[in-house]
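Let's walk through a protein model together, one question at a time. Keep the picture open while you read.

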Amino acid sequence: MKDLSLYRNIGIFAHVDAGKTTTTERILKLTGKIHKIGEVHEGAATTDFMEQEQERGITIQSAATSCFWQGHQFNIIDTPGHVDFTIEVYRSLKVLDGGIGVFCGSGGVEPQSETNWRYANDSKVARLIYVNKLDRTGADFYRVVKQVEDVLGAKPLVMVLPIGFEDQFVGVVDLLTRKAWIWDDSGEPENYVIEDVPADMADKVEEYREKLIELAVEQDDELMEKYLEGEELSIDEIKRCVRKGTRDLAFFPTYCGSSFKNKGVQLVLDAVVDYLPNPTEVNPQPEVDLEGHETGTFAIVDPEKPLRALAFKIMDDRFGALTFTRIYSGKIAKGDTVLNTATGKTERIGRLVEMHADSREEIESAQAGDIVAIVGMKNVQTGHTLCDPKNPATLEPMVFPEPVISIAIAPKKKGMDEKMGMALSKMVQEDPSFHVETDEESGETIIKGMGELHLDIKVDILKRTHGVEVEVGKPQVAYRESITKAINDGYVHKKQSGGSGQYAKIDYTIEPGEPGTGFQFESKVTGGNVPREYWPAVQKGFERSIVKGLLAGYPCVDLKVTLTDGGFHPVDSSAIAFEIAAQAAYRQTVPKAGPQLLEPIMNVDVFTPDDYMGDVIGDLNRRRGMIKSQETGAIGARIKADVPLSEMFGYIGDLRTMTSGRGQFSMSFSHYAPCPGNVAEQVIKEAKERQAAKA
């Protein structure tokens, strides 16, 4: 039996380029897992093992690895920072017990840090904060701490203070022990000395230590009394309070350092052991029924309980499909049969492996608290629950956002269609935010994703990993349609052609729903004018129709249909007759209900040096952007705006030109909003031309 108190399942997350992967490399070196440090900028990082990651210096897939520190096993997931891959962060946070939020010492709380922080709040994951890159020009630990409070609305609990600024940064003061850790210039993480606090920092250390203790003792009434009576608390007592507050998300222990220069990482590892929860200390996962409603039972982390495991990531590699799985309760071993509650089918466990980035070690069995990969599962997808066939249960599933951008692709060489189809189906299994469909009219293959970079990487993976080169069409925006006014209407479907005929009469109201409600159906028929067994057919008829709007063929959303009355024939009425009546009613009434086109609006967050701020704001205005806020920091300005997706294609090139290559931006979906008349006209015209060309 493994001792679960010695386990830490943690993730490292941050904005792109804040140093997550570099920090992971340092952790692996310090824990003896690797002997030579691989650098991201050289394309040699251990956890960035995809070619695309090494070239671009960004993390695309979350990578899993295990290592040991002070007798504790760490299962670490290094997640991507780029906004187009937030799905990887979301699903990793879902299965972790704790996290390390990495912030750049000069960039501070950047756009993607906010998104990831929000995901971690939703998943109630305990976190440490690590302010990295303090050796950089413009780095300021105290400013970043203030930003964490102001921008994230979080409570940082400062545990260390930096010694020296920017290129003079040499180490940190541990506030609990009042000791200074100072590294030499060799760049080796083990070359440090522990000495007394520098004299010029003594007052600051006492001030911050007092703040730390005051915030920590709020977690324990007895210790608070003791402290208020002037008694000195032991370090173990303070640590106990910090551990409790961290687990309860009351505050977030905050550390600093420079991962690239190997300064400060040891204290973060100690903090993972001291303050982040082990698998038995986090709230157990709720179990749900087949409809997704909570049953009131939980998957308790205990190897002796029935098996409950969540598949949170599928990855295809040269050894076959790997299913990354977090085991919440029970045990799993080679040769076991498990039930997949999503498909209702059982599967046999062939091989179990413990992952270290892209290398693996085979294991015989695993138990509650473990994160392992299962080789060769056939029908398991992200979010599926694996459980004991004798004790079935489903864990709370994952919810993924809808794609907002699509492009048509076709293989460059003839006869590659089948190979492309197989590659795409593997890629869809790996990434739930990536969709593929075939346009019924033109036969084109359409891929859909979360942004231009997302689809760019997918096309690259098709080419390199699967050997399929494709022609890429122009990006298409995922528009939607809706209505603006309520209409009361009626429709009679009558067909007589020898034998029994078809008859259905419906009276109904079609009205706009609240934004984000999708399609709603309600029946207020009384007295049996439309028998109850035909109501679902009416609903189905409308549901099938809204897939295609009548303006430009985009899905119709936020629509409410109320069936108010109708009529039926004892012989000629049937479910199919009422379904046909509903489809015709949709075509008849929606044009009268003020149909309108909706476009996706994106949250755009731009960083620019101050000199170019006016140009950037002017350009966003030209793109129909609404500026929400602008703030100037030490090294530049941040502008937040809502901008239609259709105006943002190719923005990165324009921004670089405007800012002499120094501007950066991130973008994520915000909401749908009505298109201005002139834009809507153009979109509808293009859609009709496309439909005519296909016909």
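**A sheet, its helices and a cavity**

Q: Which residue in S32 does Ile487 stand opposite?
A: This is a predicted model, where local features need pLDDT of at least 70, side-chain atom pairs count only at pLDDT 80 or more, and totals for chains, interfaces and linings use all residues. Residues are numbered from 1 along each chain as its sequence is written, and side-chain values use heavy atoms, leaving out hydrogens and water. Strands are DSSP runs (E, at least two residues), as are helices (H or I, at least four), numbered from the N terminus. The residue in S32 that stands opposite Ile487 is Ile510.

Q: How many bridges pair S31 and S32?
A: Two strands count as paired if DSSP finds at least two bridges between them. S31 and S32 (residues 502-512) run in the antiparallel sense, and their bridges number nine.

Q: Why is one side of S31 and of S33 left without a neighbour in the sheet?
A: Four strands form an open sheet with mixed pairing, in the order S31-S32-S34-S33. S31 (487-495) and S33 (519-523) stand at the edges, so one side of each is left free because each has a single partner strand.

Q: At about how many degrees to S32 does helix H13 run?
A: Angles run from 0 to 180 degrees between N-to-C directions, with axes fitted as lines to C-alpha atoms, for helices over the stretch in contact; contact means heavy atoms within 4.5 Å. Helix H13 (residues 575-589) lies across S31, S32 and S34, and its angle to S32 is about 40 degrees.

Q: Is Thr323 buried or exposed?
A: Thr323 sits in strand S15 (residues 320-329). Among the residues it touches, not counting those up to four places away in sequence, are Ala311, Ile314 and Val380. Buried means under 20% relative accessible area, exposed over 50%, and partly exposed in between (1.4 Å probe, protein chains only). With a relative accessible area of 1%, Thr323 is therefore buried.

Q: Which residue in S35 is the bridge partner of Arg480?
A: Strand S30 (residues 480-483) runs antiparallel to S35 (residues 595-608), and four bridges join them. Arg480 and Ser482 point one way from S30, while Glu481 and Ile483 point the other way. In a regular strand, side chains alternate between the two faces of the sheet. The bridge partner of Arg480 in S35 is Leu598.
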